[in-house]
Amino acid sequence: MVSAFDMAASPAIRFGVGVRQAIPLLARSFGERLVLVTGKRSFVASPFWPELQTELEALGISWRHHIVSGEPSPATVDQMVEALRDWQPQLVLAIGGGSVLDAGKALAAMLTEPLGLKNYLEGVGTHKP
């Protein structure tokens, strides 16, 4: 078994047994409005899903949930941004596999940008984030 560890990165990367329980308090340190990005089934079908919801609500964190199925397209990311921009989330939390993490990273970046994602894509777009 691998011992729990932290990596000095920005943002911090935490990995290991028991780290999941730290998510709500860590999230709260960033603010009160959280976007949670997950896949369709794995996490939301687990016993950890209702546990996380209860813990977030107990800490006064309001949240919006977005489900990603498959690799996120620029249109998918743009739709999530439009649905969330006026709400002004302070944190994006992505729990899942590669597509979920890709969507979470793109969403976090694009919430601060005025134009659609295609405008920033390497080799296609003409703007820099």
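**Exercise 1. Which residues does Leu84 touch, not counting residues up to four places away in sequence?**

Before solving it, a quick word on the ground rules. This is a predicted model, so to speak of local features we need pLDDT of at least 70, while side-chain atom pairs count only at pLDDT 80 or more, and totals for chains, interfaces and linings use all residues. Residues are numbered from 1 along each chain as its sequence is written, and side-chain values use heavy atoms, with hydrogens and water left out.

*Solution.*
- Step 1: find the residue. Leu84 sits in helix α3; helices here are DSSP runs of H or I with at least four residues, strands are runs of E with at least two, and both are numbered from the N terminus.
- Step 2: list the contacts, meaning heavy atoms within 4.5 Å. Leu84 touches Val35, Arg64, His66, Pro89, Leu107 and Leu111.
- Step 3: check the distance along the chain. Leu84 and Val35 are 49 residues apart in sequence, yet their C-alpha atoms are 8.4 Å apart in space.
- Step 4: check the accessibility. Leu84 counts as buried because its relative accessibility is 1%; buried means under 20% relative accessible area, exposed means over 50%, and partly exposed is in between, with a 1.4 Å probe and protein chains only.

**Exercise 2. In what order do the three strands of the open sheet stand?**

*Solution.*
- Step 1: look for pairs, where DSSP must find at least two bridges between two strands. Strand β3 (residues 33-38) pairs with β4 in the parallel sense over six bridges, and β3 pairs with β5 over five bridges, also parallel.
- Step 2: put them in a row. The order is β4-β3-β5.
- Step 3: look at the edges. β4 (62-67) and β5 (91-95) each have a single partner strand, so one side of each has no neighbour in the sheet.
- Step 4: pick out some partners. Leu36 is opposite His65 in β4, Val37 has His66 in β4 as its bridge partner, and Leu34 is matched with Leu91 in β5.
- Step 5: follow the chain. From β3 it crosses through α2 to β4, and this β-α-β crossover is right-handed: with the strands pointing away from the viewer, the path from the first strand over the helix to the second runs clockwise.

**Exercise 3. Which strands does helix α2 lie across?**

*Solution.*
- Step 1: locate α2 at residues 48-58; this helix lies across β3, β4 and β5.
- Step 2: read its direction. α2 runs at about 150° to β4, where axes are lines fitted to C-alpha atoms, for helices over the stretch in contact, and angles run from 0 to 180 degrees between N-to-C directions.
- Step 3: add helix α3 (residues 74-84). α3 packs on the sheet, touching β3 and β4, and its direction makes about 160° with that of β4.

**Exercise 4. Which element gives the most to the largest nonpolar core?**

*Solution.*
- Step 1: know what to look for. A nonpolar core is a set of buried Ala, Val, Leu, Ile, Met, Phe, Trp, Tyr and Cys residues joined through side-chain atoms within 4.5 Å.
- Step 2: take the largest one. It has 16 residues, and among those with the most contacts inside it are Val35, Val81 and Leu107.
- Step 3: name the contributors. β3, α3 and α4 each give two or more residues, and α4 gives the most, with five.
- Step 4: see how α4 fits in. Its buried residues are Val100, Ala103, Gly104, Ala106, Leu107 and Met110, and they pack against β3, α3 and β5.

**Exercise 5. Is Pro129 buried or exposed?**

*Solution.*
- Step 1: place the residue. Pro129 lies in the segment after α4 (98-110).
- Step 2: read the value. Its relative accessible area is 74%, so Pro129 is exposed.
- Step 3: check its contacts. Leaving out residues up to four places away in sequence, Pro129 touches Glu113 and Tyr120.
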